[in-house]
Amino acid sequence: MTIDPTVTSDPWEPAALRARLDEAGQRAGDAGLDALLVTPGPDLRYLCGYDALPLERLTCLVVRVPGDPALVVPRLEAPAAAASPAGVTGLDVVTWDETTDPYALVASLLTDARRVAVDNHMWAEKVLRLRAAMPGVEQRLAGDVLHQQRMRKSPAEIQALRVAGAAIDRVHERMGQWLRAGRTEREVAAEIAEAIRAEGHATVDFVIVGSGPNGASPHHEVADRVIEPGDPVVVDIGGTTRAGYCSDSTRMYAVGDPPADFLAHYDVLQRAQAAAVGHVRPGVTCASVDAAARQVIADAGHGDRFLHRTGHGIGLETHEDPYIVAGNDLELMPGMAFSVEPGIYLPGRHGARIEDIVVCTSDGVEPLNRTTHDLVVLPA
Ligand code: ZN
Ligand code: ZN
């Protein structure tokens, strides 16, 4: 793990949050918006550090352009908001009581607004009530503004992703403790989940243990299938650290000696994954990173067996922009963090995937997952 001592390890310090709010306001203004309206979810946490519960009562950050941002919260949630990093940013907190109409309250903060943007995950109920409270005000999606900003991680955010990557690597390194023939995928997954927490995550986001033919389904999670000697096993795991940043790493295991055709496929996959990671640098497109992996697999005659995109951005969400997929001509910029995870899937037989989180640096790439890419053969 690379640690730059000049970089703060806290993505939630007040100065960083104020800078994020300022930048969001700037971007909103550039996009012709009069305000961003952001309810509980990753956009809210990103902008002000408040990891609010998504409740029926309205909590809404109002980023006014121009003007100071305000955080509208139900009075009973005000202590939680104050205790979060938002409480020390100097953000104006506006509370509402049980008999107040919070939508009218938000509208009263935006009397001159003509065009606002709501966060992409806002509940439909809240979108429509805001629309009713502000008739004639055009609503757009805030993601068009905020996701551009969130895609480029600050040094402190990258450090938080390094910590998450190292935590999930420690779980992979312990796989031999749990994974063996005669156990079910579900039994193995339960112990992996415990280790994900023990190694430094606050939550377990997913545990995929795809043994033998189950590995051929990329979104298989776990089943009661008993792992057999010779099975290749896809283990794709991730969680969220207390700081809020996500991990996601896939490694391949075999319980005893795997079939010879699997080893041939695995060799192709390893070369494809390395080719895509090696292609990452500023200025290349997301689509070209996808193509770098896909070309190796297609050249080996397995093009139709790589049936998903090569990767997804990661940060406060496991899946966020940028998506590493054909047709995405977005150019990589330093600070973008995303997965590189090609796979080869043979229905009814087995599957394989190798996944690292990587960061685009000023001149290349920094992988955040460092465990071996070789097939890890465990005793049956
Ligand atoms: Zn994954
Ligand atoms: Zn992933």
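Before I start, a residue is called buried if its relative accessible area is under 20%, exposed if that area is over 50%, and partly exposed in between, with a 1.4 Å probe and protein chains only. By that rule Q139, at 18% relative accessibility, counts as buried, and I will come back to this residue after a word about the model.

What we are looking at is a predicted model, in which local features need pLDDT of at least 70 and side-chain atom pairs count only at pLDDT 80 or more, while totals for chains, interfaces and linings use all residues. Residues are numbered from 1 along each chain as its sequence is written, chains are lettered from A and ligands numbered from 1 in the order in which they are written, and side-chain values use heavy atoms, with hydrogens and water left out.

Let me begin with the overall division. The protein is split into domain 1 (14-150) and domain 2 (152-378), with bounds that come from an automatic or database domain assignment. The C-alpha centres of the two domains lie 35 Å apart, and the contact between them takes nine residues from domain 1 and 11 residues from domain 2, where contact means heavy atoms within 4.5 Å.

Now back to Q139, which lies in strand β6; helices (H or I, at least four residues) and strands (E, at least two) are DSSP runs, numbered from the N terminus. The side chain of Q139 reaches the backbone oxygen of V127 at 3.1 Å, and it also makes a polar contact with the side chain of R131 at 3.0 Å. A polar contact here is a pair of N or O atoms within 3.5 Å; within protein, one must be able to donate a hydrogen and the other to accept it, and residues adjacent in sequence count only if both atoms are side-chain atoms. Leaving aside neighbours within four places in sequence, Q139 is in contact with V116, V118, V127, L130 and R131.

Strand β6 also appears around helix α6, so let us turn to that helix, residues 143-151, which is largely enclosed by the rest of the structure because seven of its nine residues are buried. Those buried residues are G143, V145, L146, H147, Q149, R150 and M151, and what covers them includes α1 (14-30), β1 (35-38), α2 (42-48), β6 (138-141), β11 (320-324) and β12.

Strand β1 leads us to β2, residues 60-64, where four of the five residues are buried, so this strand too is largely enclosed by the rest of the structure. β1 and β2 pair in the antiparallel sense over four bridges, two strands being paired if DSSP finds at least two bridges between them, and L36 has V63 in β2 as its bridge partner. On β2 there is also an antiparallel pairing with β3 (residues 70-74), over three bridges, in which C60 is partnered by V72. β2 and β3 form a hairpin with five residues between them, and G67 in the turn has a positive phi of about 125°.

Finally, the metal sites. Which residues hold the zinc ion that is ligand 2 as its protein donors? They are D248 (OD), H312 (NE2), E341 (OE) and E355 (OE), lying 2.0 to 2.2 Å from the ion, where donors are N, O and S atoms within 2.8 Å of the metal (3.2 Å for Na, K and Ca), and water is not among the atoms, so sites may look incomplete. The four donor atoms subtend angles of 82 to 161°, which makes the arrangement irregular: four donors count as tetrahedral if all angles lie between 85 and 135 degrees, four count as square planar and six as octahedral if opposite donors are over 155 degrees apart and all others between 65 and 115, and anything else is irregular.

For the zinc ion that is ligand 1, the donors are D236 (OD), D236 (OD), D248 (OD) and E355 (OE), at 2.0 to 2.5 Å, and angles of 57 to 148° make that arrangement irregular as well. D248 bridges the two zinc ions, which lie 3.1 Å apart. Because D248 lies in the loop between β8 (232-240) and β9 (249-255) and E355 in the loop between β14 and β15, this pair ties together parts that are 107 residues apart in sequence. At 2% relative accessibility D248 counts as buried, E355 is buried at 0%, and E341 counts as buried at 9%.
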